[in-house]
Structures are given as C-alpha cells and as structure tokens.
Amino acid sequence: MGQRFAYSARRWLYTTNHKDIGILYIITSLFLFAAAGVLAITMRTQLSAPDNNVLTANVYNQFVTVHGLLMIFWVLSPLAFGFANFVIPLQIGCRDLAFPRLNSMSYWFFLFSGVMMILSFFFGAAPDLGWTLYSPQNTGQFSPAIGFNLGAGALILMVVSITMSSINFLVTMFKMRAPGLKLRYMSVFPWAILVTIFMMLYAFPSFLAAVVLLYVDRAFGTVYFSSIQGGSLLWDNVFWFFGHPEVYIVLFPAIGIIADIIPTFARRPLYGSKYVIGSLVAAALISFVVWGHHMFVTGIGIASTKLYTVTTIAVSLPFDVIVISLIETLGFAKLRLKAPALFALGAVANFIVGGITGVFLASVALDYALRGTYFVVAHFHYIMVGASIIGLIGGLYYWFPKITGRMYDERLAKVHFVLSMIGFQVLYFPMFLLLDMPRRIVTYSPQTDWGLLNLTATLGGLIFGGAQLLLFYNLYRSSRVGPPSGPNPWDAWTLEWALPSPPPPHDFDVIPTFQADGTIRFGSGPGLPNGLGHSNEIGNPNGSSISNKTSPLHHEGLSPWPVLMAFAAFIFFLGLTIGKPANPQPVSYQPFWPLIADGVILGIISLFGYSRETFTVHEDTHVESWPFKQVPNMKLGIWTFLGAEVIFFGVLIGSYFFVRTNDAAWPPAGSLFEIRNGFAMTLVLLTSSLTAIMALASARAGNRNGLIASLGGTLVLGAAFLYIKAGEWFSLGASGVFQNYSLPATSYFITTGTHGVHVFAGMCMTVYLLAKAIKGKYLHGDHTTLEHFGLYWHFVDIVWVFLFPLFYLI
Amino acid sequence: MAVSSTQVQFDSLFGLFTYLAIAVSIIVFSLLIYFVVKYRDKPSSRQPDDTPILGKVPPSRGHARSVVVTVSLSTIILVALIIGSFGAIDNILSPPAPSQVCDGCSVLVTGHQFYWNFAYPNGHSDNLVLRVPLGNSIRLNVTSADVFHDFGIIGLDIKTDAIPGRTNVMWFTTYKAGNFTIQCFELCGIGHATMKGILNVVDETTFQQWYTHTRITCSPSSVAVNQTSQCTALLSDSSPSGLGLTPKGNVTFSTPALGYFNTRTCTLMAGTSKGTASCSVLYTPTAAGTGSARITSVYGGDPTQSDSSGNTAILIA
C-alpha cells in the first residue's frame, strides 16, 4: 500500500504526460471552482436581505475580489486547458505536446500561483478592490496589506504559467499535427484553442507588465500608479488592453466545445464550420481594439467613445454567425439529447442572452447609466457562467468516458442540467432588473426596492450551487463504478475517439495519416472501420504493439525538475512578497531574504537538473506544419516567446510615453541621464551582438578557440554593459533620484531595470554555454542551442536600441 | 413622470435597445426551440445522410448566403442602435458652459473615501447634500481626492467616473422636486456601500432664496501700514431683484496677513433693496508683508439660506 502510494505520488508529481497533466488541471480547477463558488454563495447570503450582517465590508471586499480572480484565472482557463491538454494531442495525432516538461512546469506554476492567491487571505488581507484592481487604490498608500503583494506575486506566477503553456500549445499545433492534417481539417475545439493561445500570447504580457509595474510601485515606492499623470487611466489602459481579450480567452474554448458537441449529437456536420472558425478569428482580432468600452465613463473623449462603441458593437457580428450556424446545424438532424448536448444547448441559450445584453453595454450612451450596476454583473455572468462554465461542464460530460473509460450516470447528469439551468436563470436574471443597484456593495438600505430581487437571486444561487454537488458526486462515483464506456460512446468523428478509453500512455501505436479526401488512416492498413462499431479494434487500429522507439521512454517520462522549479519560484515569490513594510510613507516592503535565498538555490539546482536530464521529446511527425515548415520546434517556441516579450516591452515603453505626454514638466533630454553613458552602453551591447554572431560562426566552422573567445567576449561585454548601468544607477541614487522618485526616475528605473534583468539572464545563459564550449560541445553541428541563445540576445539588444533614444536623446 | 432629462433620454434609448433585443431573442429562441423539438432523436426520425463518421473529416457544408443574411440583418439593427447611441452621447457629452447655467447650478463634486463633497461657486460646501433648483440644467465637475470613485444618481440614469487628477463633466436638467440617492458605483474601499449623498431638488424660488452671495469691498482699497480701511460685506441671495429673502445673521472676517480688525464679526443689517443686507468692519495692516492683504468674509448662513464667502485684496503701500 505504502509503496503503491509512493508510486502514485511520484507519478502525479513528476508526470510529463499530457493526459496526466490534463487530469491534474481539470481536478485542480474543479476544486478551485468549488472554493470560489463557496465565496460567491457566502456573498449571495449576505445580499439576500437589506442591512444584513453575515459579512463585514472588509471581508466582503476580499471575497468579491478573490472570487473574481479565482474564477477567471484559476477556474475557467485551466479547466479549458485541462481538456486541451488531454484532447488536443489526440485530436491532432501526436503523442504529446512539443515540450512535455515545460507543460508539467506550466501546471505546477498554475497550482502554486493558486495556492499563493489563497494564502493572501492569511497575510493581513487578500486583495480587496475587485478583480480589476483599479489604480490608485492598488498602491501601497490605499492598500497596505501584505496579502495584496502575495496576490500580485500569484498573478505573476500565473502569467508565467500561461505564457509557457501558450508557447507549448502553439508549437505543438503548428508543428506536430499528423501527416496530412491541414489546419482546415481540425474541428472547432482545436481551432478555438489555437485562437485562444494567440490571444493569450498577446494579451497576457500586457497584464504581466501592469502587475510588474504595480508590484515595483508597491515594493520600492516608484510612482507609476500613485502619480496623477499615470494613475487611474494608465492602469485602465494596460489592464483593459489585456482585460477584454481575456473575456474571449475564457469564452472561446467553451465555444469550441459546444461547436464540437452539437454536431456530434445532432448527427450532422457543423453548419458553415469555416465561417464559424473565421468568426472566431475575426472576434479575436477585434477583441484587441475594444478595450476602451471599459473606460467609457472615464472621460476619454467623444471621438474615442464613438469609435469604441462601433468596434464593440461590431464584435457582436462574428458571434451572430456562430450562434446562427450552431442553430442551423440542428436542421434535419437526429438530435440525441444526452447530457453533453443539453449543456451545449443550454450554453448557447445563455450565450444569446449574454450576447444581446452585451450590445446594451457596448453603447456608450447606455453605459453612462448602466456602468457599475448589477446589469453589468448579470451580463458578464451570462457569458462567463452561462456560456463558459455551462459549456465546459458539457465538455466534462463529453470527455469523461474518454478520460476515465467509464460512463457517468446519465439520469443524474440530466437532473444536474435541469437544476443548473433553472438555478442559473433564477440567480442571474433578476440582476438585469437591478438597473440601479451598484456592484460590489456589501449591503443596501431597506428603503430601496432591491430586496426581493436580491432574495430571488440568492435562492437561485443556492439551487445552482447545490446542483453542482450532483456533478461532483456523479464524476467521483462514476469514475469508480460507472459502466465501461468503450472507445467511442458518442459516435463522434474526431481522432481522440479512435483510441481506447482511457488512451494508453503513448496514445498512438501508429501515427495516423490524413488523406487528401479527409480520410484518416493508421499505418498502411485499410483505415478505420466506419466508426459506428464499438469494437476495440478502433482503439488499436492495426493491432500492433508499441513499435515506436520513443514510446516506452515516454511512458516512463517522469521528471522531478518541473515541480521543483515551480516550487522554487513559489518560495522565491513568497519571500519577495511576504516581507513586512519597511517604510510607512511611501509604503515599501522589506523582502523576506531567507525564502528568497532558498528559492534561488532550489531554482539553480532544478535548472541544472533540468538541463542535464536526458529527456527525449518526440518530434516525429510534422509533415503538415504551414506556415512554419522549415522552423524547428524549439526555434518556433523561442520566436513565440520573443513575440510575447515584444508586447511586454511595448507596454513598458507605452506606459513611459503615457506618463510623459501627461506630464508637462518633463526634464529636457540630457539633463537627467548622461547621453555619454547611454552611448557607451549602446556601443557595448551592439558589439556583444557581433560577438554572439561570431560565436555561432565559430561553432559552425568547428573552431573551438574562436567559439570560446567570442562567447567570453559576449560575457565580458554584457558585464561591461551592466557595469556602466550600475554606475549610472548609483550616481543617480547618490544625487537623490532614488529618494524621491519622480516620473522620469520611475520610468527610467523600471524600464532599464527590466531590460537589465534580461541582460543578466542572457549572461547566465552565456556562462552555461561557455562551460559547455570549454568541454568541447557545439562544434559538431550541435550548435542549435547557440542559435537560440543568439535570437534571445539580439532581441535584448534591439530593445536597448529603442530604449537608448527614448530615455537619453529625446 | 420623468425626473430628469437624462432619465428621459436613457428610457427612450434603453427602450429602443430592449424592443429590438426582445424581437431578436424571440426569433432566435423560436428557431432554437423549434429545431430542438422537431429534430430531436425519436423513433420516427431519419438518419441524416451526412452523419460524420470516425476516421473521416466531415465534408464542409453551409452556405455563405446564411452568413450574409445574418450579418446583414444584424448590421441593420446594430446601425440603428449606433445612430441612437451617437445622438444620445452627443447630448451627454455636450454640457452647457458654466456661464450658461443658472447661478449656483455649476458645482464641483469631489469623491473622498467615503463621502461626496459638493463645492458651490459661492463658497458653500457640503459633504452630504447636493441642492439644485427644479427645471434647470445642472453642471457638475466631478473629480476625486483619493481613489477611483464613480458618481451616480439613482433614478436619474446618469453617472460619471471620479478620478484623481481628472475632472469629468456631467449634466442634466431636473424635472421633479424631491430627494434622490447619490451613490458611489466603483468599489473604493470598506466604506463603498455607504458612500452616499442626497440630491435635493427644490423649486426655483426656494433655491434662489437659499443660494446667497457674499461680496466684500474695502475702502480705501489701497492703504499705508497702520492706516485703516473699512471693509463691507454685502449679502444677497440669487433671486431676481426685488424678490429676494433678506439674509440675517453674522459675517466673519479673516486674513492671513499681518494686521487687525476692530471686530472679527459683524451683524447684518437689511439693505435698501429687498433681499440684500450688509455690515462692515475696520481693518488695519501692521506690516507691508507681500504688499497686499487678502480679506475673506464668511457668511454663516441660516436654516433657509446657504453660507457663502467672498474675498478681496487691500494693497498695502
């Protein structure tokens, strides 16, 4: 027993298998769904009657904030990506994600970030100003609790997890699709995930930048958000540039699930699938130019508000196409109303209501009345709960047999559906009628006429919350005693259903091939039977045993380093954020050094272990990889990462421009920062790019001395850059710029500091490369690592090419 | 009966949105329900001949026509909504200039954790009540002294953000007398739920009689050190001439400059024209200082009339 437990603990902690990680994501997010749901029900109880005393304002504000943050970041997305982890490799015919250990690391970062967010309750107070964390209330002056710092740390860890995950999925989906599998052969779910990944890659860096700026303001007393020139509107812009795409990030996977479930149960192909997919792409693009509608009432000007009204109203068009296509799919169908189909249809119904009321809020004129009211709360819960959660639950029932190999209890699931839908409407519809009630108030006066509607909503909340207990019970019980489901209980056509339930660790014995006419074949055999059969032969298409040499290895694919690395990051950020206030005015915090040191040491150990470990990744199938045909996985991953970095630095530079244009009294060029220093640093850094190129050339030529010399040169030049930079920082510090951060100093320290950290990270990589080069590596055609390093190093140099004129010359 | 211009405007635009929303919902939901009921799996239902099967990508189906029709119909509706919204927003964001609104109808509103301050041009300031006249356009400059608030008046269907360092203008015309609740609509801290005020709409005569002005004149306006100047505070309400309510009570004088008053407080005496009153004190500077002395006079108000203040400068030779 003990041994079995140890085996099982080792497996779940160390696993890199996409299916295991998918299950971990699903279970964790369901657990957090319950936790955030309990917060919601407590709040609803408080609001059930006027002048109620269940919660104090202090606790209520923490609940309202953490409920929102948990549901958005730690429930909706991870539940969707739990499915994506499990299903996407199966659907596109590969054996795992491109970077399995990175995938494992994503999960553990996600888990620890969630733990950190919950821990924030125990350090003074959790964040308590709503999930939007508006400025300047988010600064140390107004929210001095240490718990807020933990919350910020949790968000940073979460974004790191999301970034790793998006890079991983992007590379996998572009590079590892089965031979012949064109993008247009994919069903809507993988498409929705692909579009979601792109949105995540370009939206989350903006959020990361916002949280980093905020954290630096809080920890070191810089003034981006406490100044009038930055303040509320800077936060609004960087937050909502991320925030609106985020709404679609949590919605699209559910749409993908719905659009896969409905055709399966209707027994007809999705009507206009290419228009549905096109609509997803269009909506994703438009989602990046609608953020101003969250700022309609901030006074951004009549022309801007009109423009954002048009873009926001226009974004409803693609969704119209999606909804109509889903409905048209049902025409002349043979619709089997099983639980997944019911939830998918219920989600469509809720989505129609949520979408139509969204048009109300897209109108700037109505927003002047509806802003900050329960009408808004009702609208976005119709989207996030009514469409996303209900759709995701549909996915849970849909893939449950695939994941567990067992059937859930259909009758219980139907009861769950009916109660969920009734509870949902009773919970949220009354809120549309609370047109005048402010959001996020802990209580209201008996003189208002809000009592009855609130009581109704609370009763609905209890029904909806109670119904979810049926879900948990059903899943738990059926995973143990449910009848075996067979490989394809729904007669679905997508590839995951061709495998046994649950699929074997290596997924495919033989990688399938897609023919030009869309027929899927396994090996040289005659292809699949017609899919109506339930025989095990489908699951084991040509009856072969494990033949691919990488498969057994991957079966054992356990690695302790991802979880250790995530744990190291966790205690590092904990150390950074749980420190006591060092200074009351402006508030700044003293980090807790012992934990930071532990985190760094553990991080170095696990990084070392990670890089030394022999871990084979299958890169076996990438025939169809438009548009990145000639690009190896790793390189594509780095490009993608640098794409995210472009947004990150873009937001930092944008924030600098924002405060600079708002500040009439900016010191003239050359008066604050020595142009000479800037020029010297530019020269040094550009030369280091040259030596990095020389290093690669030497490696290609097999010239060991040349390689060592040019890598050494790069290292020395990087060090010289940081030396000049440090000198500049210290002299500015000595002249008092550190003591009273003005906006020029704030923007300079944060922007060049972040860049400096990037240079330092590059130098660490150089040390590693140098050590390997001295041992004689990279000379025999194995120089791809050098190439990857070069990409990063040149990127960091290019960033400086932008920073130099911005800070020193203009 | 409507309570304000903003409510009338909101109701008509919200009505347009709601009617169209209901129409669209009826069409879409009927279609959805009809299809689900008609094509649900029952013993008599036919197996569709294009059922997707495992092992083959289903052929694509669906007409571009459907997309064109959906998008076109939606666009017609949405354009109507956009036009309606633009008309309304032009009105919302075109407040009358401070000079175009009545005396006392342009008020600075400042959000604080956790109350609203209303500062009138006459110097009157209140942390609870915003008193305005019926039938007039009211112009509010809204800002914040600390964090992000949102100033909303329940029932008037209008609000605007109160942001530190920024001033947003909001305006409306009052149609109905009475009290309305002012509330904060952006979570601003533990007192958010109780961050309320009262909009008190009173008839125009009551407002004009309530809203006083204090004007101060000093004669001579330029004196040498240790030479005395007589400062007179002239009180009036804002009623049309001849209809006013005569202010009663005391006026208090003060200055940050070096010098002394013969008395700091004087008692108002009714003036020659109805609705005015005045009283005087003597001021004597004792040092040149910055070359001028700013003299402030504050009328304390009474239950029917607002406090107000005025100031002037005496040049000191």
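**Exercises on a two-chain model**

In this predicted model, the centres of domain 1 of chain A and domain 2 of chain A, taken over C-alpha atoms, are separated by 39 Å.

**Exercise 1.** Determine how many residues each of the two domains of chain A gives to their contact, and describe the side of domain 1.

*Solution.* Begin with the bounds: the domain assignment places domain 1 at 15-481 and domain 2 at 665-810 of chain A. Next, the contact takes eight residues from domain 1 of chain A and five residues from domain 2 of chain A. Finally, the side of domain 1 that touches domain 2 has four nonpolar, four polar and no charged residues.

**Exercise 2.** Establish how helix 10 and helix 11 of chain A are oriented relative to each other, and which residues meet.

*Solution.* The axes of helix 10 (residues 316-329) and helix 11 (residues 339-362) of chain A come within 11 Å and cross at roughly 160°. Angles over 145 degrees count as roughly antiparallel, and therefore helix 10 of chain A is roughly antiparallel to helix 11 of chain A. The crossing of these two helices is left-handed. Helix 10 of chain A brings A:Ser316, A:Phe319, A:Val323 and A:Leu326 to the contact, where residues of helix 11 of chain A including A:Phe351 and A:Gly355 meet them. The contact residues comprise seven nonpolar, three polar and no charged.

**Exercise 3.** Describe the side of chain B that touches chain A.

*Solution.* The contact takes 73 residues from chain B and 85 residues from chain A. On the side of chain B, the largest share, 14 residues, comes from helix 1 of chain B. By class, this side of chain B divides into 42 nonpolar, 19 polar and 12 charged residues.

Methods. Residues are numbered from 1 along each chain as its sequence is written. Chains are lettered from A and ligands numbered from 1 in the order in which they are written. This is a predicted model: local features need pLDDT of at least 70, side-chain atom pairs count only at pLDDT 80 or more; totals for chains, interfaces and linings use all residues. Domain bounds come from an automatic or database domain assignment. Two residues are in contact if their C-beta atoms, placed from the backbone, lie within 7 Å. Ala, Val, Leu, Ile, Met, Phe, Trp, Tyr, Cys and Pro count as nonpolar, Asp, Glu, Lys and Arg as charged, and the others, Gly among them, as polar. Axes are lines fitted to C-alpha atoms, for helices over the stretch in contact, and angles run from 0 to 180 degrees between N-to-C directions. Helices (H or I, at least four residues) and strands (E, at least two) are DSSP runs, numbered from the N terminus. Angles under 35 degrees count as roughly parallel, over 145 as roughly antiparallel, 65 to 115 as roughly perpendicular and the rest as oblique. A crossing is left-handed if the near helix is turned anticlockwise from the far one by less than a right angle, and right-handed if clockwise.
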